[in-house]
Amino acid sequence: STPEGNLAISILLRPRLALRDAAGLSLLAGLALAEAVAEILPPGPILALKWPNDLLLNGEKLAGILLESQGDGQGGLDWVIPGIGVNLAHAPVLPDRIAACLAAHMPPPLPEAFAARLLARLAHWCAVLDTAGYAPVHAAWLAHAQKPGSAMSLKLGSDLLSGTFAGLDADGSLLLDCDGTRRRFSTGEVLLPEGA
């Protein structure tokens, strides 16, 4: 359950995309979310997107996104629902990480007001995707992410790969430089060094 004052929202989207391109909508939703927070966040706290679907505030989890989608049976996407949770007023206790909330840095916005801001940014980026594809979405996402060359690890099942962030592939996959080799990942959990 969502603590009172926080936002949990699910949004039905029907973009004209191939089903194989649906995963990129997680990056698009993250970008819209980062911009909605950046518009109201006072100077000082550091906001950063963590691939593929977390928003960090001073290195702590402020928000997350889960994506559900369904194909139309012909290789296209019928619908996609990003489920977005944002800690506006309260930072819940999480078993595996420290959470952040906006209330620690500013008077928290009302969930309804923040939802309207988020929907406006989401509509903007869906329109960009429709006319120009994923390239501008990825470029804008990268502007809110860790800098290329930053230390990063990726947990894949029981394996942990260490390297440096090398950006995104054209399909939104993570690029990681490991021991002189650039590797591409479409799944995994990114782990950042303390304080990143």
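This report looks at one sheet and one helix pair in a predicted model.

Local features here need pLDDT of at least 70, side-chain atom pairs count only at pLDDT 80 or more, and totals for chains, interfaces and linings use all residues. Residues are numbered from 1 along each chain as its sequence is written, and side-chain values use heavy atoms, with hydrogens and water left out.

**The sheet**

Let's start with the strands (DSSP E runs of at least two residues, numbered from the N terminus, as are helices, which are H or I runs of at least four). Five of them, 5 strands in the order 9-8-7-6-10, make an open sheet with antiparallel pairing; to pair, two strands need at least two DSSP bridges between them. Strands 9 and 10 each have a single partner strand, so one side of each lacks a neighbour in the sheet. From one strand to the next, the twist averages 45°. Further in, strands 6 and 7 run antiparallel and share 6 bridges. Lys155 has Leu160 of strand 7 as its bridge partner.

| Strand | Residues |
|---|---|
| Strand 6 | 151-156 |
| Strand 7 | 159-168 |
| Strand 9 | 181-185 |
| Strand 10 | 189-191 |

**The helix pair**

Now for helix 1 (residues 24-38) and helix 2 (residues 111-132): their axes come within 8 Å and cross at roughly 135°. Axes are lines fitted to C-alpha atoms, for helices over the stretch in contact, with angles from 0 to 180 degrees between N-to-C directions. The two helices are therefore oblique to each other, meaning the angle is not under 35 degrees (roughly parallel), over 145 (roughly antiparallel) or 65 to 115 (roughly perpendicular).

Among the residues making the contact (heavy atoms within 4.5 Å) are Leu28 and Glu35 of helix 1 and Phe114 and Trp125 of helix 2.
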